[in-house]
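I opened the model to look up its charged pairs, one helix and one strand. My notes follow in the order I made them.

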Amino acid sequence: MRDLASVKGVTGICVNGHASEVMSCTEQEQARILTVALEEVGNALPVIGGVYSESSIVAAQHAKQWQQLGANALLVVPPAAFGKGAQLRPEMVMEHYQRIADACDLPLIIFQYAGAQMMAIQTLTNLADTIPSIKAIKDYCGDPVAHEETVRQLQNSHRKVNVLTAHSSWLLQSLALGCEGILSGAGSTVAALQAELFEAMKDSDLPRAREINERLDIPNKAFYHAPMADQHNRMKEAQVLMGRFPHAVVRPPLMKLSTAEIDGIRAALAKAVMLNH
């Protein structure tokens, strides 16, 4: 946590998201993760707590608890039920977020998934218009056209909602559309490069951005490939290789990576000049 907080350009820390295997953590463990983050960096940076539950009622309870623990904002992870046709029943989406908003006074970041859980742009704008505490969206729609429309509709509306890109494997293209920030699981491992890229794009320094993007592409390719279930598993192994973690521990059904794949990650980090040895 302290390592991430010290990176120039990092303006907040998000915990209890996919990269920390929130789906495998008990409620008590999630509370402990948030508490540790607040203790370590809460005086230096805002700490965003992830809210994940298949139940809207339980998610609202978590939101209230995370506020009591001291979280500065919440990232609301959509329940799996959204992938079973919720886009055809937008009132389900509204109900989920409204319950969470009613349970706390914190700013909310909604989360746009790719594929079946993807919400229609009209649903997103209705959320923004209806729930004032929604301040940003973590956009991981995976579709450049839909992503551009999200930026256009939400950031240029009468009540601006900032778009934070989660398209870690094509950040340069995403930032070129005008996203106001990056909220990425890969930021746990490559935050410095992501922050440099963001600043270069903000300064309209495209040659510099391209240079950074080429370097960032190396670890990205080591992290983001099939099976995608291992993407954060790979990042944890990278943290060990970079001397930040003592061990790369994951919970079943995730499994330890093969020696060959870990060697590949080591080679990628070395090529990207991210190893101290």
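**Entry 1: a pair of partly exposed charges**

I am working from a predicted model. I began with R89, which is partly exposed at a relative accessible area of 44%. I then looked up its partner. The side chain of R89 meets that of E91 in a salt bridge, 2.4 Å from N to O. E91 is also partly exposed, with a relative accessible area of 42%.

**Entry 2: the other salt bridges**

How many salt bridges does the structure hold? I find 15. I looked at a few of them.

E29 and R251 form one, with 2.8 Å from N to O. E29 sits in helix α2 (residues 27-41), and R251 in the loop between α10 (231-241) and α11 (259-271). The two are 222 residues apart in sequence, so the pair ties together parts that are distant along the chain. I checked the accessibility of each side. E29 is partly exposed at 27%. R251 is partly exposed as well, at 35%.

Next I took E237 and K256. Their closest N and O atoms are 2.9 Å apart, and they form a salt bridge. E237 is in helix α10, while K256 is in the loop between α10 and α11, 19 residues apart. Is E237 buried or exposed? I read 3% relative accessible area for E237, so it is buried, given that buried means under 20%. K256 is exposed at 55%.

I also noted a network. E148, E149 and R152 are joined into one by salt bridges that share partners.

**Entry 3: helix α4**

I checked the length of α4 (residues 90-103). It has 14 residues, and at 1.5 Å a residue it should span 20 Å. The C-alpha atoms at its ends are 20 Å apart, so the model agrees with the expected span.

Which residues of α4 are buried? I list V93, H96, Y97, I100 and A101. I wanted to know how they are placed around the axis. They cover an arc of only 125 degrees, so they lie on the same side of α4.

I then asked what covers the buried residues of α4. The cover includes three strands, β2 (47-51), β3 (73-76) and β4 (108-112). It also includes the helices α3 (56-69) and α5 (121-130).

**Entry 4: strand β4**

I followed β4 from there. Five of its five residues are buried, so I note the strand as mostly covered. In a regular strand the side chains alternate between the two faces of the sheet. I looked for this in β4. L108, I110 and Q112 point one way, and I109 and F111 point the other way.

Which way does β4 run against β3? The two strands pair in the parallel sense, over two bridges. I marked one position across the pairing: L74 stands opposite L108 in β4.

**Entry 5: aromatic rings**

I searched for aromatic pairs and found one in the structure. F111 and Y113 form it. A pair of aromatic rings is described by the distance of the centres and the angle of the planes. For F111 and Y113 the centres are 4.8 Å apart and the planes meet at 80 degrees. I record the pair as edge-to-face, because 80 degrees is over the cut-off of 60. F111 and Y113 are both buried. F111 is also one of the β4 residues I listed in the previous entry.

Methods. Residues are numbered from 1 along each chain as its sequence is written. This is a predicted model: local features need pLDDT of at least 70, side-chain atom pairs count only at pLDDT 80 or more; totals for chains, interfaces and linings use all residues. Side-chain values use heavy atoms; hydrogens and water are left out. A salt bridge is a side-chain nitrogen of Lys or Arg within 4 Å of a carboxyl oxygen of Asp or Glu. Helices (H or I, at least four residues) and strands (E, at least two) are DSSP runs, numbered from the N terminus. Buried means under 20% relative accessible area, exposed over 50%, partly exposed in between (1.4 Å probe, protein chains only). The expected span of a helix is 1.5 Å times one less than its number of residues. The arc is that of the directions from the helix axis to the C-beta atoms. Contact means heavy atoms within 4.5 Å. Rings of Phe, Tyr and Trp (its six-membered ring) pair if their centres lie within 6.5 Å; planes under 30 degrees apart count as stacked, over 60 as edge-to-face and the rest as tilted. Two strands pair if DSSP finds at least two bridges between them.
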